[in-house]
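Dear colleague,

Please find the structure below, followed by a summary of its main pocket and its nonpolar cores.

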Amino acid sequence: MGRAFQNRKESMAKTSDQKAKVYSKYGREIYVCAKSGGIDPNGNLALRSLIDRAKKDQVPTHVIDKAIDKAKGGGGEDFDTARYEGFGPGNTMVIVDCLSDNPNRTFGDVRTCFNKVKCKIGGQGSVSHMFDHSAIFVFAGTDEEVVLEALMMADVDVTDIELEDGKVTVFAPHTDYSKAKTAITDALGDIEFEVDEIQFVAQNTIEIQGEELEQFDRFLDLLNDLDDVQRVYHNAE
């Protein structure tokens with residue numbers, strides 16, 4: 001693709017413990033999304049996208065239903081979003097998005113991950129200015145002009161649109177996520193999105209190899225093992 005982006009993917013769940021971590025992360029995110037935006041996926045596009053992604057990652061239906069039922073009942077835990085930035089192995093830039101009910105604990109846990117690979121967590125804005133906060137959609141298609149016209153008619157400020165290998169990739173500001181998805185589905189009907197989410201897209205990437213690559217992989221494993229960590233974005237190749 002013309003622009004590299006990190007499509008979020010969970011580690012392969014080879015053990016029951018790993019599967020439980022994946023389910024827990026999705027359950028927490030679905031709960032927060034449903035509680036803040038409504039429990040009806042038809043009226044909460046972010047929730048519908050999240051449920052679709054969970055199903056693709058083989059999260060059981062009972063896990064999804066339990067999270068939505070929990071949000072329906074009100075009360076429950078109060079999770080806050082927390083975002084941490086810093087430099088990882090090989091001078092890579094890293095953004096860590098979390099959902100936490102104890103920000104002090106979460107910050108300490110994330111900082112420990114940086115320390116274990118001899119890297120430092122930075123302040124807010126230390127690396128995020130080198131990323132674009134984008135809504136990204138990837139789907140099968142043959143005519144990006146039709147898609148672009150539909151997006152323009154919906155007043156979506158399209159950042160970029162590409163057609164490659166029979167797939168259309170649309171980049172738009174994260175604030176236009178709902179408008180963009182509605183415009184695409186209205187124009188093309190019931191299509192299946194290969195990617196349908198909001199991500200931080202690195203403006204430039206850096207290649208790492210050897211020991212730095214091993215350390216970086218270890219760093220990602222440490223972060224993904226934390227229950228509070230939902231997504232990790234980086235500019236490493």
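On a 1 Å grid over the protein atoms alone, a pocket is an open set of points where a 1.4 Å probe fits, with protein on both sides within 12 Å along at least five of seven lines; lining residues have an atom within 4 Å of a point. Grid points are joined across faces, edges and corners, and a volume is the space filled by probe spheres set on the points. This is a predicted model, in which local features need pLDDT of at least 70 and side-chain atom pairs count only at pLDDT 80 or more, while totals for chains, interfaces and linings use all residues. Residues are numbered from 1 along each chain as its sequence is written, and side-chain values use heavy atoms, without hydrogens or water.

The largest pocket holds about 600 Å³ of space. Its lining comprises 25 residues, with Glu-29, Thr-81, Asp-97, Ile-198 and Arg-231 nearest the centre. Strand 7 gives the largest share of this lining, five residues (strands are DSSP runs of E, at least two residues; helices are runs of H or I, at least four; both are numbered from the N terminus).

The largest nonpolar core, a set of buried Ala, Val, Leu, Ile, Met, Phe, Trp, Tyr and Cys residues joined through side-chain atoms within 4.5 Å, has 21 residues. Buried means under 20% relative accessible area (1.4 Å probe, protein chains only). Helix 7 supplies the largest share of this core, five residues. A second, separate core of 19 residues includes Val-22, Ile-51, Ile-68 and Leu-99.

Yours sincerely

Notes:
Buried means under 20% relative accessible area, exposed over 50%, partly exposed in between (1.4 Å probe, protein chains only).
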